[in-house]
Amino acid sequence: MAGRCVFKYVQPKSFAPQIHLRSASTAISAFERQHKTPTIIKVMPMPKAHYGGRHTVTLLPGAGIGPELMGYVREVFKYASVPVDFEEINIDPNADNNDDLDYAITSIRRNGVALKGNIETRSKEVGVLSRNVALRNELDLFVNTLRCISYPGVNSRQKNIDIVIVRQNTEGEYAMLEHESVSGVVESMKVITQENAERLARYAFEYARRHNRKKVTTIHKANIMKLSDGKFLEVSKKVAKEYPDIQLNDMIIDNTCMQLVSNPHQFDVMLTTNLYGAIVSNVICGLLGGAGLLAGKNYGDHYTIFEPATRNTGASIAGKNIANPIAMLNAATDMLRHLGRQEHATVIQNAIVKTINAGVHTKDLGGTATSRDVVDNILKCIKAARS
């Protein structure tokens, strides 16, 4: 009997685990029971904007140093002959409506992939959403991943670090649900749902299994927030039972910060709520050299956004030719891997590593190089690799 085909879009295996096949399998089993026929599951790659051998990517420069760093990305991509075209969208931080935001969301839905800087929201008008948070919520980018790895050429506080942070990205302390119940009393809601906690935990364990990592640490404050963080911890323990090959432990957020400073090598994969992920990301970036090095990835079932890890605007150093371009360039190479452009990503990544390890450092890393010096050295390394 000919099988029926069920088409399910999933992200490439090297990035997002196929966590939504569980719900698909449940639906397929019900279909089989009802129709008494075998069903074929056909896993298809998530579609991305790809025309004439070139990819189209939404570009959101953001504020502060974002526009100049995006300029360097464009320059490096052009020099390395990367087949990517950018659809650039500038979001006005002073706008009293969400029109720019809506246009950006439409563009990302069309292209599937975006590269962004940090976007400011200065308007105090009721109903004007935080652009960064709204992008993640509207596109259901439920997980942020950050691989924190040290560079030998950077004189950092800790050496040989390799930690992955898996951070809840759409709820928790960033639910944006606040109100003033009576004059002088403000209440802010922290939202933890079992559904999102479970798919985040499963993402963390699938990531650990695929990348041969042996331990997941759940970061929480369940001793105080017994219901919200208690639920997050409870769900992670439940999911962990499905992965007996991976060790699970948990740690309170304040102790986690102390342990990161004193003994960071005990951590492998860290599973965190939204705010705690922001805290530990910045702590680890500080240990490894600062905000200018690492890149983060925001994943959902359908869309992906790449950006610098610490989401800093850097307004105070904008236009001074001293901003470190490495974090944004690392985000761009992560994006190329996601698009399947492994060769281009490898050439650019190797040039970045050689530049850092050669001591071409901006002021934030203790060096004297300008942004321009760093980019020029990366271009020189790309040229040498070609020849």
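Let's start with Glu307, which is buried, with a relative accessibility of just 2%. Buried here means under 20%, so Glu307 clearly makes the cut at 2%. You'll find Glu307 in strand β15, which covers residues 304-308. Keep in mind as you look around that this is a predicted model.

What does Glu307 touch, once its neighbours within four places in sequence are left aside? The contacts are Lys116, Arg136, Asn144, Ala295, Gly296, Asn298 and Ala331. With Asn298, there is a polar contact between the two side chains, at 2.9 Å. The side chain of Glu307 also has a polar contact with the side chain of Lys116, and that one is 2.9 Å as well.

So hop over to Lys116 and look at things from the other end. Lys116 sits in strand β6, residues 113-116. Is Lys116 buried or exposed? Lys116 counts as buried, at 2% relative accessibility. Besides the link to Glu307, the side chain of Lys116 makes a polar contact of 2.8 Å with the side chain of Asn132. Setting aside neighbours within four places in sequence, Lys116 is in contact with Leu60, Met70, Asn132, Leu135, Ile305, Phe306, Glu307, Pro308 and Met328. Now try finding Ala331, which is 215 residues away from Lys116 in sequence. In space, the C-alpha atoms of Lys116 and Ala331 are 8.9 Å apart. And Ala331 has already turned up in this tour, as one of the contacts of Glu307.

Next up is Glu87, in strand β5 (residues 84-88). Glu87 is buried too, because its relative accessible area is 16% and the cut-off for buried is under 20%. Its side chain joins that of Arg110 through a polar contact of 2.5 Å. If you skip residues up to four places away in sequence, Glu87 touches Thr56, Val57, Thr58, Leu59, Tyr103, Ser107, Arg110 and Asn111.

Time for a couple of residues in helices. Asn357 belongs to helix α10, and at 37% relative accessibility it counts as partly exposed. That label covers values between the 20% and 50% cut-offs, which means Asn357, at 37%, fits. Which residues does Asn357 touch, not counting those up to four places away in sequence? They are Tyr151, Pro152 and Gly153. Take Gly153: in sequence, Asn357 and Gly153 are 204 residues apart, yet C-alpha to C-alpha the separation is 3.8 Å.

Arg372 is in helix α11, which runs over residues 371-386. Arg372 is partly exposed as well, with 27% relative accessibility. Leaving out neighbours within four places in sequence, Arg372 is in contact with Tyr72, Glu75, Asn321 and Leu379. Its C-alpha atom is 8.2 Å from that of Ile322, a residue 50 places away along the chain.

Now for the pocket. The largest one has a volume of about 530 Å³. It is lined by 24 residues, and the closest to its centre are Arg147, Ile149, Lys297, Asp334 and Arg337. Where does the lining come from? Elements that give two or more residues are β7 (143-149), α5 (194-210), β14 (295-299), α9 (326-338) and α10 (342-357). The largest share, four residues, is from β7. What classes of residue make up this lining? There are 12 nonpolar, six polar and six charged residues.

Step back and take in the whole chain. It has 11 helices and 15 strands. Of its 387 residues, 52% count as buried. Look also at the contacts between residues at least 6 apart in sequence: 75% of them join residues at least 24 apart.

Finally, how much confidence goes with the model? The mean pLDDT of the chain is 86, and 85% of the residues reach 70 or more. Two stretches are a different story. Over residues 1-33, pLDDT stays under 50, and the model has 80 contacts beyond four places in sequence for this part. Residues 35-45 also stay under 50, with 36 such contacts in the model. Where pLDDT is low, the predicted coordinates shouldn't be read in detail.

Methods
Residues numbered from 1 in each chain as written. Heavy atoms only, no water. pLDDT = per-residue confidence, 0-100. Contact = heavy atoms within 4.5 Å. 1 Å grid on protein atoms, 1.4 Å probe; cavity = no way out; pocket = protein on both sides within 12 Å on 5 of 7 lines; lining within 4 Å. Points joined across faces, edges and corners; volume = space filled by probe spheres on them. Nonpolar A, V, L, I, M, F, W, Y, C, P; charged D, E, K, R; others polar. Buried < 20%, exposed > 50% of the residue type's maximum accessible area, 1.4 Å probe, protein only. Polar contact = N/O pair within 3.5 Å; in protein donor to acceptor, adjacent residues only side chain to side chain.
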